[in-house]
Amino acid sequence: MNDIETALGDLREKAPPRLTDRVMRAVEAADDYVEIPGPRGPLYIAFNETGISCVDAAGEGPEAFEEYFVGRFGRVLRAASAPPRGLAHALETGDGRKLRYDLRGLTEFEVAVLRKALEIPKGEVRSYGWIAREIGRPKAVRAVGSALGHNPVPVVIPCHRVVRSDGMIGNYALGAPMKRELLDTEGVDVEGIEQLAASGVRYVGSDTTHVFCVPTCHDARRVTERHRVTFRNERDAAAHGYRPCKHCRPAEERSA
Amino acid sequence: MSEGTLEGTLPERLADDLHAAFGPLVAELGDDVFTAALRWSGNRTAAEDIAQETFLRAYSAIGRYDAARVRELHLRAWLLTIALNVFRNEVRGASRRPATQPLAAEELVVADGGRGADDLASTIVLALPEQQRVPVVLRHVLGLSYAEIAEILDRPEGTVKAQAARGIRRLRDSLTDEQPQPAEVRR
């Protein structure tokens, strides 16, 4: 190979003929997107006929969002004038159950995890283990964590409301501080639940109803100090004759 | 592909009607983008993905730019700048895309074309660090000027020239050594 420079010139290649087709099909399949104010800075929200497909809460601007979207979904984005119906209301109430989502490309398991996360009310948290048990895969706790980590529509599907099984807040795709801020904005006493967790408490009960709950359950928060009892685990609660709350479902209902 | 041919009129047409002019843009500059991606990555599948993502990013960007800015675009260098970003993300595994695995060094090998071309193509990928490989491909495979390459890499022209020259020297050494040295493919 005497003349390397000439030989290099021969390394030109034709693009596969399907490239133009693939690109143009992806361009036709464009999603719309809007920028709207979110709980912590602007949110970029992409949607199409199927539903909401992607949310960017990283707040790095529209350009970064478009690049992220193209890379993840292989479709382009175009700016829309109006957000999808019901979105503003859902963000306000923190309840996205009535919205439609485009979760194509996710596995059945991932979809089940995200649908379950949608049921966690604003101001409350549940554990990875709780989701795993509720969707009938009690051993798949780690897989629940990765499924939430891949959530294409964070904030709207509130994966930030899922915390470690030991009660600590844990990680978040956008960083742990963001998760704490989101929860704080929703009225969760982040430090309070971590202190409780650190002291070994997992459940809170009422000695008048003999029902036990996860600490952030709406019902648990109504229990007055005088009637409040705490438990380290569900066996402890059951041993004292307490049954799991029907709202937050802290444990499997035991057949009596 | 000199000025005055199709590329010369493309910025104007893209500014007027992005959608109608975009197919011709891919047809016109697809080979350049694909070749760059293929010779940088050494992987045909990755190259096709990089090329596609490059054009999709370009489409979004042009949609966002005002007409005056689109008319000013030097399309080939601009597309290759985007392609380089996409390629680097691909290799390093962008932090925001946890599902994507970075390319492993052993995937970065091509096997096509004649025997000599084969050796040369895989030597570029295996023996040249990215810093040299990128300018060597832009200069000697695609025939860009050093001024254009300096713009794409956002480095001074002299630096780019020196890196390309070092790359050529290293290529020559590696090819005479017979065994390509798998050096510095990963960073």
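This report describes chain B of a predicted model, one helix of chain A, and the contact between the two chains.

**Chain B as a whole**

Chain B holds 9 helices and 0 strands. Read from the N terminus, its elements follow the order α-α-α-α-α-α-α-α-α. The chain has 187 residues, and 55% of them are buried. Among the contacts in chain B with a separation of 6 or more, 67% join residues 24 or more positions apart. The accessible surface of chain B is about 8100 Å², and carbon and sulfur atoms account for 47% of that surface.

**A covered helix in each chain**

Helix H8 of chain B spans residues 146–153 and is mostly covered, with 6 of its 8 residues buried. The buried residues of H8(B) are Tyr146(B), Glu148(B), Ile149(B), Ala150(B), Ile152(B) and Leu153(B). Their cover includes three helices of chain B: H5 (75–92), H7 (130–141) and H9 (157–176). Just after H8(B) comes Asp154(B), which has a positive phi of about 55 degrees.

In chain A, helix H5 covers residues 108–118, and its buried residues include Phe109(A), Glu110(A), Val113(A) and Leu114(A). Further along H5(A), Lys116(A), Ala117(A) and Leu118(A) are buried as well. Helix H6 (128–134), helix H7 (141–149) and strand E6 (162–163), each from chain A, are among the elements that cover the buried residues of H5(A).

**The contact between the chains**

How many residues does each chain bring to the contact? Chain B brings 43 residues and chain A brings 39 residues. Other values for the contact are listed here.

| Item, chain B with chain A | Value |
|---|---|
| Buried area | about 3600 Å² |
| Share of the buried area from carbon and sulfur atoms | 60% |
| Salt bridges | 10 salt bridges |
| Polar contacts (both residues at pLDDT 80 or more) | 15 residue pairs |

One salt bridge pairs Arg64(B) with Glu63(A), where the closest N and O atoms are 3.7 Å apart. Which elements of chain B give two or more residues to the side that touches chain A? They are helix H2 (18–41), helix H3 (44–64), helix H6 (115–127), H7 and H9 of chain B. H3(B) gives the most to this side, with 13 residues. By type, the residues on the side of chain B that touches chain A are 22 nonpolar, 8 polar and 13 charged.

Two helices of chain B thus appear twice in this account: H7 and H9 are among the cover of the buried residues of H8(B), and H7 and H9 also give residues to the side that touches chain A.

Conventions
Residues numbered from 1 in each chain as written. Chains lettered and ligands numbered in written order. Predicted model: local features only at pLDDT ≥ 70, side-chain atom pairs only at ≥ 80, totals over all residues. Heavy atoms only, no water. Helix = DSSP H or I, 4+ residues; strand = E, 2+ residues; numbered from the N terminus. Buried < 20%, exposed > 50% of the residue type's maximum accessible area, 1.4 Å probe, protein only. Contact = heavy atoms within 4.5 Å. Areas by Shrake-Rupley, 256 points an atom, 1.4 Å probe, with all protein chains shown as cover. Buried area = accessible area lost by both parts, 1.4 Å probe. Salt bridge = Lys/Arg side-chain N within 4 Å of Asp/Glu carboxyl O. Polar contact = N/O pair within 3.5 Å; in protein donor to acceptor, adjacent residues only side chain to side chain. Nonpolar A, V, L, I, M, F, W, Y, C, P; charged D, E, K, R; others polar.
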